[in-house]
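This report describes a small set of local features, strand pairings and core contacts. Please keep the sequence and the model in view while reading.

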Amino acid sequence: MKLFEDASGVGELWRDGVSPVAVRYSIQRYQGIVEGSGLPIPGRHRIEGSIDCDAGANLSDWVGAPLTLRLSDGRMLGVTLADRHGRILSEGHGPLKCMCC
């Protein structure tokens, strides 16, 4: 995996397309690369990082659920909270592990 992007800013965290929560985020996006050619492996990626939100927001119910993080530049990333403290860890396995993608 090769570091593709290191970004931080203020964005929104969405669950089921409703009720956005304002968050401050810091993420690192990694991309799988074919050894030798340097070409990306479609679907093979990892997003690591963290979010920090309002003290009033309860993230415990969102741990493990499919979420969308809207970045400050408008892009949207599918993410998963790994714990109630806001740690993000999402992985895509690529087309060689299974037939789902």
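Does D16 count as buried or exposed? D16 counts as exposed because its relative accessibility is 67%, where exposed means over 50% relative accessible area, buried under 20% and partly exposed in between, with a 1.4 Å probe and protein chains only. The model is predicted, and local features need pLDDT of at least 70 while side-chain atom pairs count only at pLDDT 80 or more, whereas totals for chains, interfaces and linings use all residues. Residues are numbered from 1 along each chain as its sequence is written, and side-chain values use heavy atoms, with hydrogens and water left out.

**Two loop aspartates**

D16 is found in the loop between β1 (2-15) and β2 (18-33), the strands being DSSP runs (E, at least two residues) numbered from the N terminus. Although D16 is not a glycine, its phi is positive, at about 60°. Most residues other than glycine have a negative phi. D61, by comparison, sits in the loop between β3 and β4, and the C-alpha atoms of D61 and D83, which are 22 residues apart along the chain, are separated by 9.9 Å.

| Residue | Loop | Relative accessibility |
|---|---|---|
| D16 | between β1 and β2 | 67%, exposed |
| D61 | between β3 and β4 | 57%, exposed |

**Strand β4 and its partners**

Strand β4 (residues 67-70) has alternating side chains, so that L67 and L69 point to one face and are buried, while T68 and R70 point to the other and are not. Strands pair if DSSP finds at least two bridges between them; β1 and β4 run antiparallel and are joined by three bridges, and W14 has T68 as its bridge partner in β4. Four bridges join β4 to strand β5 (residues 76-79), again in antiparallel fashion, and the partner of T68 in β5 is G78. β4 and β5 form a hairpin with five residues between them, and G74 in the turn has a positive phi of about 100°.

**The nonpolar core**

A nonpolar core is a set of buried Ala, Val, Leu, Ile, Met, Phe, Trp, Tyr and Cys residues joined through side-chain atoms within 4.5 Å. The largest one has 19 residues, of which L13, I27, I51, L69, V79, L81 and I88 touch the most other members. At least two residues of this core come from each of β1, β2, β3 (40-53), β4 and β5, and β2 gives the most, with four residues. Leaving aside neighbours within four places in sequence, I27 is in contact (heavy atoms within 4.5 Å) with residues including I47, L69, L71, L77 and I88.
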